[in-house]
Structure formats: C-alpha cells, structure tokens
Amino acid sequence: MRLKISSECILGNFARRVEKLSGQRLLTCYQCGNCSASCPMGFAMEVLPHQIVRLVHLGQVEKALKANTIWMCASCITCTVSCPRGVDIARILEAIRFLVLKERKVADIYGPAQAPEEMLQKAPLEGLTGIFRKFSV
Amino acid sequence: MKIPYYPGCTMVERAKHYNASGLASAKALGIELEELPKWTCCGATFPLTLDRIAGLTSPARVLVRTRMEKAEELVTLCPFCYNTLKRVNFALKNNPEERRRINAYLKDDFEREGSTYENYTGEEVKVLHFLEVIRDRIGFDNLKDHIKTDLKGLKVASYYGCMLLRPEKELNFDDTDNPSIMDELFAALGCEIIDFPHKVECCGSYISLNSPEAALQSSYDIILSAQRFGADAIAVTCSLCAFNLDERQGAMMEKFGPTPPMPILYFSQLLALALGVPQEECGFQLHAVDPRPLLESYELITAEAK
Ligand code: SF4
Ligand code: SF4
Ligand code: SF4
Ligand code: SF4
C-alpha cells in the first residue's frame with residue numbers, strides 16, 4: 001500500500017479523538033499483528049485491525065474508513081486479550097465506529113428496517129440489540 | 001439457598017427452554033433463583049467508548065434495583081447480560097466521574113418512583129453466572145448426590161464463546177485460553193469430555209445478523225472442529241451462539257456441502273436431564289438440529305414422550 005505522509009497528518013484531529021474516546025494511545029501499538037492474527041473475523045476484513053490502528057495514526061483516515069473492518073468486528077475482545085502491549089484495540093475500533101456514525105459518514109445504517117424478516121423473527125434479542133447498537137450512537 | 005435472578009429479555013422470549021431448564025436444574029439442586037422484581041433491559045452490549053453514559057446507565061439500573069431488594073448477588077444465565085453487568089460494576093468502581101454522573105441520573109429516576117436512593121459504587125452487588133453458583137456453592141464433586149441419570153459417556157464438546165471469558169481481568173470467570181468450568185460439570189454428570197481447539201473462538205456473534213456469509217464461516221469452523229474431535233453434541237451457554245451454531249446449520253450445509261448434523265444444546269438442558277427433570281421440560285423439541293435421536297440412542301430420553 002502506498003501512503004503519502006507528512007508531519008501535518010500524523011496524529012491529526014481524527015486520531016486524537018479516537019484516542020480520547022477509546023482511552024488508548026495509538027503509538028503504544030508496535031504493530032506486531034497479534035491482534036489481527038487472533039481476530040476471528042480477520043478473514044473477512046479488507047484491512048486488518050492492526051493496520052487500521054496505524055492508518056489512523058498516520059492520518060490516512062479515508063483508507064481506514066473505506067475498508068469494511070470496523071463493520072466486520074464482532075467486539076469479541078479476542079484482540080484486546082492477545083495484545084502484548086496492553087492496547088484495548090476493541091475500544092479503538094469502537095471509537096472509530098462511533099465517530100463515523102456521529103458524523104454520518106456511513107450510508108448503510110443497519111436497523112430493524114434493514115434486517116430480513118427471518119432474522120427479526122428468529123434471532124435472539126441480545127443479537128438484535130447488539131447489531132443495532134453497533135450502528136447507532 | 002435463595003439468590004435473585006436476572007433473566008434478561010432473551011430468556012423470557014426466544015430462549016425459554018434455556019431459562020426453563022436452568023431454573024429446573026437450580027430447583028433440583030436446592031437453589032431458588034428468584035426473579036428480580038421490576039427488572040429492565042441491561043442493554044446487551046457494554047459500551048466500549050468512554051463517553052457513553054446512557055449505555056452504562058441501563059445495566060447500572062439493574063444492579064441498583066438488586067440492591068434495593070437488599071440482595072448482594074445477582075445470577076444470570078445469558079452471557080451478554082453477565083458480561084455487561086459485570087463490566088459496568090468494574091467501570092463504576094474504577095471511574096469516579098462516571099460513577100457520579102450515573103448515580104445522579106439514577107437517583108432522580110428512582111426517587112421519582114418513590115424509592116430512597118443510596119449511592120451505588122460498583123461493589124455492592126456481585127454478578128454471578130449460574131455455572132459459578134454450581135461450581136462455588138454446590139461443588140462439582142458434590143453433584144453426584146443429586147444425579148438421577150448418568151449421561152452414559154455422551155461425547156460433549158463445551159463451547160465457551162466470548163462473553164463469559166473476555167476481558168479476563170474484568171470478568172475473572174475462568175481461564176480465557178483454556179477454560180474448564182463446563183467440562184468439569186459434564187465430567188461430573190458422566191459425559192465423555194471432548195476438548196477441541198475452537199472452544200473459545202467467537203462464533204461470529206451478532207455479525208451473523210447483517211453479514212451472514214462472514215459469520216457463517218466462523219460458526220462452521222467451530223462445528224467442523226468439534227466433529228473432527230469426535231463430539232456427539234456441542235454445549236453452549238449463550239442463545240446467540242445457539243442461533244449461530246444451531247439455527248444456521250442449514251445455511252452452512254447449503255454453502256459448504258452436507259456434514260453430519262451436530263446437535264447444539266444448552267448446558268442447562270443436559271444438567272436438567274441428569275438431575276431427573278422430566279424430558280418434556282427440557283425443551284429438546286425446540287432446536288433446528290433435533291437432538292432427540294442422539295439422546296434416544298444413548299437411552300437418555302424415551303421416544304414416546306416427544
Ligand atoms: S497486538 Fe497490540 S501491539 Fe500488536 S499490533 Fe495489535 S494492538 Fe498493536
Ligand atoms: S473485537 Fe473485533 S477486531 Fe477484535 S478480535 Fe474481535 S472481531 Fe476482531
Ligand atoms: S442482554 Fe439481552 S438478554 Fe440480556 S437483558 Fe439485555 S438485551 Fe436482554
Ligand atoms: S454469540 Fe457466542 S461467540 Fe458470540 S458472544 Fe455469545 S458467546 Fe460469544
């Protein structure tokens with residue numbers, strides 16, 4: 001991946017807000033990739049979780065948000081418990097989702113109107129609540 | 001032994017057989033799980049960003065309600081409820097500002113209802129999963145005194161999923177990488193324990209509701225792995241796991257080709273069966289993959305009473 005980086009874009013506004021919302025420092029991550037290796041949804045992600053952390057840190061927000069990563073994340077906390085640096089990466093991904101939703105940067109909100117009838121009829125309620133809350137702020 | 005019980009909405013709606021078999025098991029063990037009066041939804045997911053006070057308030061309300069009942073403990077079956085309630089206790093205990101704001105809000109709320117409000121600090125009510133109650137109050141070794149039907153070497157793979165285990169430092173439920181609580185339970189009931197590498201892998205959780213194809217892969221890996229290690233059935237603690245592994249098995253066959261059906265049971269259904277709860281009360285008929293042929297082949301249930 002080719003990135004254009006300048007001193008202005010590193011740890012920019014978006015990255016700072018992610019840090020504040022998640023309570024995590026992005027630079028604590030040393031890019032070992034343990035989180036991504038352990039992620040059960042990694043196979044379905046266009047960009048891996050640890051790469052999202054670096055992209056946001058480097059100010060490459062568009063690239064980070066274009067990927068399906070944050071929407072594929074199941075908040076299963078496997079990444080967080082695998083991180084040797086103690087980074088709560090599940091919180092970082094949630095903070096990014098939160099900012100994206102708050103600024104309405106996403107077109108495909110998922111709510112009861114979008115869910116197939118079969119899911120609404122059969123899925124357990126914690127699943128429905130979980131997925132709808134993931135798409136709301 | 002009487003302990004307040006928080007069912008959560010799934011238990012009274014779509015996982016009635018989990019609820020019924022759990023309550024029946026408790027009763028057979030001499031534990032009275034008493035439904036918390038006026039309980040409200042816990043919100044299902046713990047908010048992971050730091051400024052979402054509303055997301056913390058609904059689970060906190062449940063804990064405050066428990067305390068009003070003069071109770072110091074609250075038992076759950078649903079791992080989502082367990083995770084959310086327990087993490088909120090941790091957050092309240094460790095974050096004074098959140099604690100202040102949430103208490104201010106709830107005080108208002110409860111006083112309007114006519115109750116006297118006492119500040120809640122995150123330490124007054126201990127959240128327990130029913131499995132912990134069995135392990136710590138009854139003891140797996142003592143279960144034999146209660147067992148009516150030995151489970152005759154039924155090969156059970158215990159699938160733990162995520163919400164009971166992670167994050168370990170907040171939940172402190174069992175070893176995150178290699179949990180054993182369900183295996184110990186089933187060993188005590190006379191099952192053959194099938195250890196398999198996918199027991200703590202996420203099944204796809206609620207991603208199955210909006211990206212079914214992706215989640216299907218995660219769920220299928222779990223079933224295949226249990227099959228390879230020789231399991232007759234997979235035991236679960238979570239109704240979302242049950243949905244992904246049981247209800248979605250038909251879709252797996254369509255996508256990945258036919259495999260032998262893998263029955264998915266709540267741990268409480270097998271426990272109830274062992275404790276002599278009548279099979280009609282265990283809800284074995286409520287599964288997408290019918291577990292009855294398997295249980296009949298082990299002569300654990302009889303065919304007539306279907
Ligand atoms: S495991 Fe931790 S340190 Fe390693 S890449 Fe992931 S977040 Fe960074
Ligand atoms: S929380 Fe999200 S990113 Fe982390 S392991 Fe689970 S699915 Fe992957
Ligand atoms: S977590 Fe679920 S099952 Fe538990 S109360 Fe809340 S929404 Fe309901
Ligand atoms: S659905 Fe299963 S894998 Fe997912 S949270 Fe429940 S326990 Fe975890």
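Me: Into which domains is chain A of this predicted model divided?
Reply: In this predicted model, the assignment for chain A gives two stretches of residues. Taken over C-alpha atoms, the centres of these domains are separated by 23 Å. The stretches asked for are domain 1 (1-103) and domain 2 (105-137).

Me: Which three residues in domain 1 of chain A lose the most area to domain 2 of chain A?
Reply: Between them, domain 1 of chain A and domain 2 of chain A bury about 800 Å², and 68% of that area is on carbon and sulfur atoms. On the side of domain 1 of chain A, three residues together account for 59% of what that side buries. These residues are A:Trp71, A:Leu101 and A:Glu103.

Me: How many salt bridges are counted between domain 1 of chain A and domain 2 of chain A?
Reply: Contact between these domains involves 12 residues of domain 1 of chain A and 7 residues of domain 2 of chain A. Across this interface there are 3 residue pairs in polar contact, with both residues at pLDDT 80 or more. For salt bridges, however, the count between domain 1 of chain A and domain 2 of chain A is 0.

Me: Which helix gives the most residues to the side of domain 1 of chain B that touches domain 2 of chain B?
Reply: Chain B is divided into domain 1 (2-128) and domain 2 (141-297), and 20 residues of domain 1 of chain B are in contact with 29 residues of domain 2 of chain B. The two domains have 8 residue pairs in polar contact, counted where both residues are at pLDDT 80 or more. Helix H2 (16-28) and helix H4 (79-94) of chain B each supply at least two residues of the side of domain 1 of chain B that touches domain 2 of chain B. The most, 8 residues, comes from H2(B).

Me: Which two residues of chain B meet in a salt bridge at 3.0 Å, N to O?
Reply: Between domain 1 of chain B and domain 2 of chain B, the count is 1 salt bridge. A salt bridge in chain B, with 3.0 Å from N to O, joins the side chains of B:Glu170 and B:Arg87.

Me: What area is buried between chain B and chain A?
Reply: Where the chains meet, 43 residues of chain B are in contact with 42 residues of chain A. Carbon and sulfur atoms give 64% of the area buried between these chains. On the side of chain B, the three residues B:Arg14, B:Leu48 and B:Leu209 supply 20% of the area buried against chain A, more than any other three residues. The area buried between chain B and chain A is about 3,600 Å².

Me: Which residue of chain B forms a salt bridge with A:Glu94?
Reply: Across the interface of chain B and chain A there are 2 salt bridges. In a salt bridge with A:Glu94, where the distance is 3.0 Å from N to O, the other side chain is that of B:Arg52.

Me: How many charged residues are in the shell around ligand 1?
Reply: Ligand 1 is surrounded by residues of chain A, including A:Cys29, A:Cys32, A:Cys35, A:His50 and A:Cys83. Another residue around ligand 1 is A:Arg85. By class, this shell has 7 nonpolar and 4 polar residues, and the number of charged residues is 1.

Note on methods. Residues are numbered from 1 along each chain as its sequence is written. Chains are lettered from A and ligands numbered from 1 in the order in which they are written. This is a predicted model: local features need pLDDT of at least 70, side-chain atom pairs count only at pLDDT 80 or more; totals for chains, interfaces and linings use all residues. Side-chain values use heavy atoms; hydrogens and water are left out. A residue is near a molecule or strand if one of its heavy atoms lies within 4 Å of it. Ala, Val, Leu, Ile, Met, Phe, Trp, Tyr, Cys and Pro count as nonpolar, Asp, Glu, Lys and Arg as charged, and the others, Gly among them, as polar. Domain bounds come from an automatic or database domain assignment. Contact means heavy atoms within 4.5 Å. A salt bridge is a side-chain nitrogen of Lys or Arg within 4 Å of a carboxyl oxygen of Asp or Glu. A polar contact is a pair of N or O atoms within 3.5 Å; within protein, one must be able to donate a hydrogen and the other to accept it, and residues adjacent in sequence count only if both atoms are side-chain atoms. Helices (H or I, at least four residues) and strands (E, at least two) are DSSP runs, numbered from the N terminus. Buried area is the accessible area (1.4 Å probe) that two parts lose on being put together, summed over both.
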